[in-house]
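Here is a small set of exercises to work through with the model open in your viewer. Try each task before you read its solution.

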Amino acid sequence: TSFQSIAKVLSLLRMSNHISRGRFAKQVQITANVGRADEYFDVRANQIQSLQDGDLLTLNLKNESESAIDVTVLYVDGEYGITAMYPAEEGDANRIEAGGSDWLELELYAEASATERLVVIAVEAQPNTMMRDFSFLAQPRLPRTRGNKTSLYDLFLDAGLSVKVPETTRGAKKSRRHSSQSLMKVFSWKIAPKQNEKNKGIRG
C-alpha cells in the first residue's frame with residue numbers, strides 16, 4: 001500500500017512533463033508568489049524554492065483563453081499525502097470562465113526538511129459539460145519512518161522509481177481534434193522550521 005501511494009505521487013509529478021505546453025499554456029496564467037512581512041517575490045514552477053515558516057503563498061489563476069477551464073489544485077506533502085486545496089470541498093465550483101480569474105492563499109508551516117509541492121491541473125472545459133475535478137487523487141500521508149533520516153521511500157525517490165504514464169488505446173491513435181487541452185504546473189519548496197517549535201504542516 002505504501003509503495004502504491006508513492007507510485008501515485010511520482011506518476012502525478014512526472015505527468016507534468018507530458019502535458020502540452022502550446023498555445024493553451026500561454027493563455028492560462030498560473031503564477032505563485034510569497035509574502036513575507038513587507039517583502040514579495042515570485043515562486044517559479046519546476047524549481048525547489050527555499051521558504052520560511054509562516055510564509056503566505058498566493059496562487060493566481062487567470063484564464064485568458066476563449067474557453068472556460070476546470071482547475072484542480074493538489075497539495076503534496078513530504079510523506080506522499082495528497083490533499084485537494086481547490087476546490088476546497090466536494091461539490092464546490094472549480095470552473096473559471098473565459099476572461100475570469102481566481103486565487104488561493106496558503107499559509108505555510110514547518111514540516112521537517114521534506115519537499116512539499118503544489119500541483120495545479122487546468123483542463124479546457126467543453127460547453128454544457130460537468131466540471132472536471134481531480135480531487136479523487138487525494139490520499140492520506142504515509143506514517144513517518146523511524147531511525148535514519150533517509151528512509152526507504154526517499155531512496156526510491158532519489159533513484160527515480162520508474163512509473164510509466166498510461167499510453168493511449170492500442171491499435172489506434174486518439175485524435176486531438178476534439179480533445180480538451182490541458183496544463184499542469186508544479187510549485188515545489190522546502191521550509192526551514194523555526195527553533196523550539198513543533199512541526200505543524202500546511203494550513204490553507
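The exercises below go from model confidence to salt bridges, a hairpin, two buried residues and an aromatic pair.

**Before you start**

This is a predicted model, in which local features need pLDDT of at least 70, side-chain atom pairs count only at pLDDT 80 or more, and totals for chains, interfaces and linings use all residues. Residues are numbered from 1 along each chain as its sequence is written, and side-chain values use heavy atoms, with hydrogens and water left out.

**Exercise 1. Find where confidence is lowest and where it is highest in the protein chain.**

Step 1: Begin with the average. The chain has a mean pLDDT (the predictor's confidence in each residue, from 0 to 100) of 79, and 73% of its residues reach 70 or more.

Step 2: Go through the elements, where helices (H or I, at least four residues) and strands (E, at least two) are DSSP runs numbered from the N terminus. Helix H3 has the lowest mean, 48, while strand E4 (residues 56-63) has the highest, 97.

Step 3: Look at residues 147-153, where pLDDT stays under 50 and the model has eleven contacts (heavy atoms within 4.5 Å) beyond four places in sequence.

**Exercise 2. Locate the salt bridge of Asp55 and Arg36, and decide whether Asp55 is buried or exposed.**

Step 1: Apply the criterion: a side-chain nitrogen of Lys or Arg within 4 Å of a carboxyl oxygen of Asp or Glu. Searching the whole structure gives five salt bridges.

Step 2: Asp55 and Arg36 meet at 2.8 Å, N to O. Asp55 sits in the loop between strand E3 (48-52) and E4, Arg36 in strand E1, and the two are 19 residues apart.

Step 3: Check accessibility, with buried meaning under 20% relative accessible area, exposed over 50% and partly exposed in between (1.4 Å probe, protein chains only). Asp55 is buried, because its relative accessible area is 2%.

**Exercise 3. Describe how strands E1 and E2 are joined.**

Step 1: Two strands pair if DSSP finds at least two bridges between them. E1 (residues 28-36) and E2 (residues 39-43) run antiparallel and are joined by five bridges.

Step 2: Pick out one facing pair: Val43 in E2 is opposite Ala32.

Step 3: Inspect the turn. Two residues lie between the strands of this hairpin, and Ala37 takes a positive phi near 60°.

**Exercise 4. Work out the surroundings of Gln139 and Val71.**

Step 1: Gln139 belongs to the loop between strand E9 (116-124) and helix H3 (152-159), and counts as buried because its relative accessible area is 10%.

Step 2: Its side chain reaches the backbone oxygen of Ser5 at 3.0 Å. The side chains of Gln139 and Lys8 make a polar contact of 3.4 Å; such a contact is a pair of N or O atoms within 3.5 Å, where within protein one must be able to donate a hydrogen and the other to accept it, and residues adjacent in sequence count only if both atoms are side-chain atoms.

Step 3: Val71, in strand E5 (residues 69-76), is buried at 1% relative accessibility. Beyond four places in sequence, Val71 touches residues including Leu61, Tyr86 and Ile96.

**Exercise 5. Classify the aromatic pair of Phe134 and Phe136.**

Step 1: Rings of Phe, Tyr and Trp (its six-membered ring) pair if their centres lie within 6.5 Å; planes under 30 degrees apart count as stacked, over 60 as edge-to-face and the rest as tilted. The whole structure yields one aromatic pair.

Step 2: Phe134 and Phe136 are 6.0 Å apart centre to centre with 45° between the planes, a tilted pair.
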